[in-house]
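Student: I'm new to this structure and would love a close look at a single part of it. Could you walk me through what you see there and how the surroundings fit in?

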Amino acid sequence: MRRIFNSKLFVSGVSLAVGVGLGAGCFRDLVNRSGFAHVKNDPLRDFYKQLPALLIPGVCAATVDFATRSEPHGGQTVEIMKYGFPALSQIKSRESYVIAYDPRNRTALWVVEQLTDKAITGNSNRKFCEFKEDDSVHPYHRATNDDYRGSGLDRGHLAAAANHKWSQKAMNDTFYLSNIAPQNPHLNQNAWNNLEQYCRSLTKYNKNVYVCTGPLYLPRMEADGKMYVKYQVIGANNVAVPTHFFKVVILEKFNGEIELRSYIMPNQPVATTIPLERFLVPIESIERASGLLFVPNILKRTNSLKAITSGNC
């Protein structure tokens with residue numbers, strides 16, 4: 001995972017994720033100042049592709065030394081938090097990816113990988129891998145194999161195993177259940193698998209390919225005309241079943257240009273005859289739905305962005 005942390009696109013330390021309302025406003029302002037306002041929807045996708053520079057909710061609190069702050073109420077804050085923070089965002093670095101874990105839903109908030117032509121080739125083999133509990137997660141917040149048993153759902157990888165053939169350990173690490181989400185079998189084995197294969201194919205034509213993947217829980221209108229967020233949970237640990245999945249792909253071109261593609265797929269059977277570009281979405285839609293922001297970090301790292309949409313891919 002050293003490769004990802006050393007990347008200029010990965011933010012060292014942690015960043016604070018602001019609310020989606022503020023994020024949308026910041027995005028529009030940044031787009032206008034960047035000259036991308038004339039590209040309808042596309043800018044959002046392009047910005048989102050640089051997801052490796054993720055903004056992580058709540059993590060900044062862990063870096064604040066309240067005892068040394070000059071604010072008048074700094075001492076009071078220290079006293080208030082005398083018995084510690086109930087939770088801080090759980091960022092974990094594996095051999096092959098970086099993950100932000102969601103203890104409430106027993107899945108990841110997001111997973112970031114760096115793909116290269118070398119990383120996706122090698123002698124690593126899935127037959128030596130086993131799905132396993134993540135013992136770095138508290139037992140209260142951990143998914144188990146028993147949770148998936150009999151659910152009718154696949155243990156769907158967020159960081160794909162085939163992305164990390166360069167090392168058996170790297171591939172093994174993708175089988176931690178913290179990197180897994182309940183996924184419709186047809187989706188997992190067909191359209192979603194095709195998207196993963198497509199991401200790997202991009203390593204042939206790009207210097208680096210960064211991929212950020214995560215679950216979404218999207219609202220829908222019910223018969224009473226009101227919007228609800230509803231999703232199934234499985235097993236004794238109530239592992240959340242996402243309604244959708246997102247994947248943001250950031251491409252570093254050999255000429256220094258950055259290209260971004262962002263996708264959303266529903267967690268249900270998807271016909272393989274539907275072209276992948278039909279699932280391209282504006283980055284703003286993912287930012288709003290996920291509570292994550294990516295635009296500010298992208299603009300700090302490049303002035304050469306290209307948005308890819310269903311109309312220009």
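Tutor: Let's start with V229 in this predicted model. V229 has a relative accessibility of 46%, so it counts as partly exposed, since that class runs between the buried limit of under 20% and the exposed limit of over 50%. You will find V229 in a loop, with β8 (227–228) on one side and β9 (233–234) on the other. On the surface, V229 joins Y231 and V233 in a nonpolar patch, and together they have about 240 Å² of accessible area.

Now for the inside. In soluble globular proteins, nonpolar side chains tend to be buried together. Here, the largest nonpolar core has 27 residues, and the members that touch the most others are V111, L187, V209, V249 and M265. At least two residues of this core come from each of β3 (107–115), α8 (191–201), β6 (208–216), β11 (244–252) and β12 (258–266). The largest share, four residues, is supplied by α8. Another core lies apart from this one; it holds 18 residues, including A100, L216, I286 and L292.

β6 is a good strand to follow next. Nine of its nine residues are buried. β6 pairs with β3 in the antiparallel sense, over five bridges, and one place to look is E113, whose bridge partner in β6 is V211. β6 also runs antiparallel to β11, and nine bridges join these two strands. There, V211 stands opposite V249 of β11. V249 may sound familiar: it was among the residues touching the most other members of the largest core.

Conventions: Residues numbered from 1 in each chain as written. Predicted model: local features only at pLDDT ≥ 70, side-chain atom pairs only at ≥ 80, totals over all residues. Heavy atoms only, no water. Patch = residues over 30% accessible without salt bridge, like charges linked within 9 Å, V, L, I, M, F, W, Y side chains within 5 Å. Areas by Shrake-Rupley, 256 points an atom, 1.4 Å probe, with all protein chains shown as cover. Salt bridge = Lys/Arg side-chain N within 4 Å of Asp/Glu carboxyl O. Buried < 20%, exposed > 50% of the residue type's maximum accessible area, 1.4 Å probe, protein only. Core = buried A, V, L, I, M, F, W, Y, C linked by side-chain atoms within 4.5 Å. Pairing = 2+ DSSP bridges.
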